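Thank you all for making the time this morning. I would like to walk through one structure with you, beginning with a single strand and working outward from there, so please have a look at it before I go on.

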Amino acid sequence: MRYVIMANGKGSRWNNYEGIPKHLISIGGETLLQRTTRLVHSFDSQAEVIITSRNPDCVAEGARRYEPLRSQREIDRFCVELIQDGVCFLYGDAYYSEQTIRQVVEASVEDMLFFGNPQTIVAVKVGSGQCMLEHLRDIDELIQQGVIADAKGWQLYHHLLGMPLEGRQIAEKFVVLEDKTTDFNRPEDYEQFVGDLRREGTKS
């Protein structure tokens, strides 16, 4: 199985907080990229892990860095050149629990399966690379035609199910996560998460 950790976003809402890209946030002594890579290997010892980024600092032991051919738009984070049958896209700005990575690794999928909660998508597991490529091609055409300005994981999910592209509605082919797994878009997200960890540590 190939796991692609997407660390090639622009991070405009993060705004280089604390002088680092959000993918290099350190929690518990390791960066988000290091944690995700470690957890993937702990549940899939044969995993091929790829970090997509043009930043030479976005590395982790057990993964190789790859510079995407395209990175102008949000949807380009799903590097089409890396898509194959049996690939999973993980978000580089996400803190994953062990339970979530286990769920992702062990889940069976025919076409595409999404993981997240009503606010965010944190993983897309692909059984059929051709299926994903077809949906990305259709979305690309909509962008070129000016129907939509850009697209993210939610638009890909909705397109797969034939739903309106706007919004964040959940139906089938979506695993709802109910643990600490979350992503960091803004500094406030990170500060709240770290604050919650400290409070929990104080109580224990």
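Let me begin with a question: which residue in β4 does M6 stand opposite? It is T52, and I should say straight away that this comes from a predicted model, so everything I describe is computed from that model.

That residue pair belongs to a parallel pairing, in which β1 and strand β4, residues 48-52, are joined over 5 bridges. Strand β1 also runs parallel to strand β6, residues 87-91, and here again 5 bridges join the two, with V4 standing opposite F89 in β6. As for the surroundings of β1, which covers residues 2-6, 5 of its 5 residues are buried, so the strand is largely enclosed by the rest of the structure. Both of its faces are covered, since R2, V4 and M6 on one side and Y3 and I5 on the other are all buried.

Stepping back to the whole protein, we have 5 helices and 11 strands. The C-alpha trace spans about 50 × 35 × 35 Å along its principal axes, and the radius of gyration is 16 Å, which agrees with the value near 17 Å that a compact globule of 204 residues would have. Buried residues make up 50% of the 204, while the accessible surface comes to about 10100 Å², with 45% of that area belonging to carbon and sulfur atoms. If we take the contacts between residues at least 6 apart in sequence, 61% of them join residues that are at least 24 apart.

Now to the interior. In soluble globular proteins, nonpolar side chains tend to be buried together. Here the largest nonpolar core has 54 residues, and the members that touch the most others are F78, F89, L90, M112, F114 and M132. For F114, once its neighbours within four places in sequence are left aside, the contacts include I121, V124, L156, Y157, L160 and F174. There is also a second, separate core of 9 residues, among them L32, Y95, F184 and F193.

Which residues form one aromatic cluster? They are Y95, F184, Y190 and F193. Within that group, the rings of F184 and Y190 have their centres 6.0 Å apart and their planes at 85°, so this pair is edge-to-face. F184 is buried, with a relative accessible area of 0%, and Y190 is buried as well, at 12%.

Across the whole structure, a search finds 8 aromatic pairs. One of them, W154 with Y157, is edge-to-face, at 6.3 Å centre to centre and with 80° between the planes. These two residues lie 3 apart in helix α4, residues 153-161, and are therefore separated by about one helical turn; both of them are buried.

Finally, I would like to turn to V80, which is placed in the loop between β5 and β6. Is V80 buried, exposed or partly exposed? Its relative accessibility is 45%, so V80 counts as partly exposed. Not counting residues up to four places away in sequence, V80 touches L133 and L136. Between V80 and M132 the C-alpha to C-alpha distance is 8.9 Å, although the two residues are 52 apart in sequence, and M132 is, as I mentioned, one of the residues that touch the most other members of the largest core.

Methods
Residues numbered from 1 in each chain as written. Predicted model: local features only at pLDDT ≥ 70, side-chain atom pairs only at ≥ 80, totals over all residues. Heavy atoms only, no water. Core = buried A, V, L, I, M, F, W, Y, C linked by side-chain atoms within 4.5 Å. Buried < 20%, exposed > 50% of the residue type's maximum accessible area, 1.4 Å probe, protein only. Contact = heavy atoms within 4.5 Å. Phe/Tyr/Trp six-rings, centres within 6.5 Å; stacked < 30°, edge-to-face > 60°. Helix = DSSP H or I, 4+ residues; strand = E, 2+ residues; numbered from the N terminus. Rg over C-alpha atoms; globule rule 2.2 N^0.38 Å. Areas by Shrake-Rupley, 256 points an atom, 1.4 Å probe, with all protein chains shown as cover. Pairing = 2+ DSSP bridges.
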